[in-house]
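Please open the structure in a viewer and keep the sequence beside it. The tour below proceeds by selections, each followed by an account of what is found there.

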Amino acid sequence: MSEEAAAGFTAELRRRPTRPLRGRIGAALETVLIPVAALIVSLLLFGVFVACAGVSPIAVYRYMIEGSVGSWFSVQNTLTRAAPLLLTALCTALPAQQGLLIIGGEGAFVIGALFATMTGVALPNAPSWIVEPAMAAAGIGAGGLWIGFAGALRHWRGVNETISSLLLSYIAIAVLNQLVEGVFRDPASLNKPSSPAIADAAMIGNIPGSEVHWGLVVGVVACILAYILIRHTTLGFAARIAGGNIRAARMVGLPVGKLVLLFCFLGGAAAGLAGMIEVAAVQQRASADLITGYGYTGILVSFLARHNALAIIPVAVLIGGIGASGGLLQRHLALPDAATVVLQGIIFVVILASDALYGRLPWLTGARG
Amino acid sequence: MATGSIGLWAVPLEILGGAVRVSTPFLFVSLGECITEKSGRINLGLEGTLMMGAMTAYAASYLSGSPWLGVLAAGIVGIALGLTHGVICSLPRVNDIAVGIALMLFGVGLADDLGKPLIQPAAPQLPAIDFGWWSNVPQLRHALTVNALFLIGAALAPFLVWGFRATRWGLILRLVGESGEAARALGYRVAPVRIMATGIGGFLGGIGGSFLSLSYPGSWNERISSGQGITAVALVIFARWNPKLCFFAALLFGAAGALGPSLQAVGVHGGYYLFNAAPYFLTLLIMTITCSPKHNLIGAPAELSITK
């Protein structure tokens with residue numbers, strides 16, 4: 001093995017827990033304490049922001065807790081909003097294993113939803129056990145190919161995947177608008193152009209005893225599967241090697257290009273599946289309402305979870321809770337619904353800035369210097 | 001016939017006039033990003049800066065009655081966002097692309113939030129100069145009515161070419177972008193130069209945003225930019241970090257952006273959304289053609305993370 005390849009493996013192995021116990025506990029504490037501290041700082045900054053708008057921060061915090069976990073209704077609202085975020089976050093987290101920053105989850109979500117709707121509309125009388133898997137396959141395939149295309153451009157043409165995936169989102173939205181106002185429009189939808197609806201029988205129901213749809217379970221399972229893929233399979237290990245040192249990965253003969261395509265496809269597939277669930281569990285038809293912003297919020301969830309697929313689960317619930325509290329803030333404090341997006345933006349910026357703290361808290365990790 | 005006496009000639013005329021109009025934000029954002037990237041940093045947050053600039057300019061113009069105060073306010077907000085990006089990226093182990101994404105989402109959300117009361121009122125607009133006074137064809141006169149900001153941007157491009165090449169500031173900026181090590185060895189501090197370059201880039205991005213809301217028939221809504229900032233960032237790569245080429249590339253993207261409205265003006269309504277997405281298709285196509293997986297782009301500042 002060449003020296004460079006060895007360096008790549010060493011870099012990967014260094015991330016595995018071979019340090020003494022105190023360091024290990026410290027490192028684990030670090031990955032929890034720093035994001036929590038960053039969250040608290042973000043909430044304080046948001047408090048200053050709403051105070052400038054003449055609203056009491058204390059009231060804001062109170063309504064945020066009430067609106068996210070204050071009642072069974074709020075909890076269900078939070079979980080319903082978390083469900084798509086679990087999947088759209090994977091759209092950023094999976095390619096991130098290879099050091100790719102994909103931010104086109106919104107496009108994969110929209111295109112997945114669109115193709116799933118088309119499939120559902122094309123099979124009006126088929127039994128649900130055929131329609132639902134067919135719709136899911138359409139959403140997964142369309143979303144996967146959408147982001148896979150960004151991966152292909154990156155691999156074969158060296159096109160920056162961050163820019164191309166975002167441009168693809170705008171194109172996906174244009175395609176959606178074009179179709180629902182053109183050939184795929186239900187003539188009966190007068191005021192708001194929409195596609196025909198899928199059959200009631202094809203809709204995914206709620207988890208028994210709740211108002212939360214099955215998308216939540218799908219999302220949690222997808223995150224667990226992604227974690228196993230990344231942490232416990234050769235493929236995932238190879239992808240992380242390529243993300244750590246791409247030249248080393250090439251030198252030891254890893255199929256870097258195929259890994260890029262696969263992980264981009266899987267990321268897009270997750271977001272496309274989220275789009276399918278949005279149609280099959282919530283909206284029942286395609287329209288401009290599919291531009292939900294879940295794709296963009298998923299980027300934040302993935303970064304907040306440090307691209308760790310298991311950590312996405314609690315983070316998605318947390319960010320879903322912030323979104324769920326938006327309604328109460330609007331109703332009681334007259335804050336615009338975009339206020340929660342401002343808070344998400346603050347969290348995102350502060351979390352990234354907090355990256356500078358890792359390994360710099362000697363009292364925590366026992367590291368010197 | 002809606003096109004009047006000149007028939008289908010109205011389409012190229014509309015596109016020409018539209019190219020000049022639509023290119024203005026592309027021009028300002030790309031020149032600003034050019035300065036930032038020359039210093040070795042990339043700011044993807046200019047999409048958010050563009051939105052904040054548009055919102056602030058509209059608000060300031062409405063409240064003060066002067067559109068130029070609006071432009072100035074947009075520039076100041078742009079500086080604030082640019083400096084935020086610059087300072088955070090100067091912290092150790094912080095990824096400038098990720099911070100750009102965060103500030104993009106932050107800027108778009110903040111503009112949406114603060115801009116809610118601005119959807120109704122009408123703000124004073126920037127003046128446009130009528131270069132078509134000699135003609136009596138209305139379409140031609142419309143095409144030759146050029147906004148004052150475009151002229152400023154057009155003058156800025158050759159000024160930047162000169163500045164990069166012939167001034168001490170330009171040399172330090174390029175040195176920092178090519179090799180931070182060499183700059184340090186010569187006694188220049190890298191971080192302040194990059195922070196300043198990002199601040200100036202934000203200033204121009206904010207001004208580009210002011211054009212969106214203050215050029216006839218200007219208004220504010222939360223979808224006013226929809227990707228023009230990120231397109232302009234890609235445009236800098238296409239223009240090989242050369243301000244002069246940025247100018248022509250901005251015109252090209254402006255023409256692509258004007259395609260949809262031009263066709264609509266002559267009564268072609270099919271494919272409206274797809275034609276409006278023409279700049280995104282064009283950007284993807286151009287990046288696919290000009291980028292290469294084999295070697296770095298010619299003219300790319302060596303310290304730039306996005307081309308490494």
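Select Gly151(A) to begin: this residue has 0% relative accessibility and therefore counts as buried (buried means under 20% relative accessible area, exposed over 50%, and partly exposed in between, with a 1.4 Å probe and protein chains only). Gly151(A) is found in helix α6 of chain A, where helices (H or I, at least four residues) and strands (E, at least two) are DSSP runs numbered from the N terminus. This is a predicted model, in which local features need pLDDT of at least 70, side-chain atom pairs count only at pLDDT 80 or more, and totals for chains, interfaces and linings use all residues. Residues are numbered from 1 along each chain as its sequence is written, chains are lettered from A and ligands numbered from 1 in the order in which they are written, and side-chain values use heavy atoms, with hydrogens and water left out.

Next, add Leu262(A) to the selection. What is the distance in space between Gly151(A) and Leu262(A)? From C-alpha to C-alpha it is 8.6 Å, although 111 residues separate the two in sequence. Apart from neighbours within four places in sequence, Gly151(A) is in contact with Val260(A), Leu261(A) and Cys264(A); contact means heavy atoms within 4.5 Å.

**Where the two chains meet**

Now move to Asn177(A), which lies in helix α7 of chain A. Asn177(A) counts as buried, because its relative accessibility is 12%. Not counting residues up to four places away in sequence, Asn177(A) touches Ala288(A) and Tyr273(B).

Display both chains together. The contact takes 44 residues from chain A and 46 residues from chain B. Between them the chains bury about 3700 Å², with 77% of it on carbon and sulfur atoms; buried area is the accessible area (1.4 Å probe) that two parts lose on being put together, summed over both.

How many salt bridges join chain A and chain B? The count is 1, a salt bridge being a side-chain nitrogen of Lys or Arg within 4 Å of a carboxyl oxygen of Asp or Glu. Select Lys116(B) and Asp337(A) to see this pair, whose closest N and O atoms are 3.7 Å apart.

On the side of chain A that touches chain B, the elements giving two or more residues are α6 (128-157), α7 (161-180), α12 (294-304) and α14 (339-354) of chain A. Of these, α7(A) gives the most, with 12 residues.

**A network of charges**

Return to Lys116(B), which is partly exposed at 32% relative accessible area. Asp337(A) is also partly exposed, at 40%. Add Asp112(B), whose side chain meets that of Lys116(B) in a salt bridge (3.1 Å, N to O). Asp112(B) counts as buried at 19% relative accessibility. Asp337(A), Asp112(B) and Lys116(B) are thus linked in a network of salt bridges.

**A helix in chain B**

Finally, select residues 190-214 of chain B, which form helix α9. This helix has 25 residues and reaches 36 Å from its first C-alpha to its last, close to the 36 Å expected at 1.5 Å a residue (the expected span is 1.5 Å times one less than the number of residues). Since 20 of its 25 residues are buried, α9(B) is largely enclosed by the rest of the structure.

Within this helix, choose Arg194(B), which is buried at 11% relative accessible area. Arg194(B) forms a salt bridge with Glu303(B), the closest N and O atoms being 3.0 Å apart. Glu303(B) lies in the segment after α13 (278-290) of chain B, so the pair ties together parts that are 109 residues apart in sequence.
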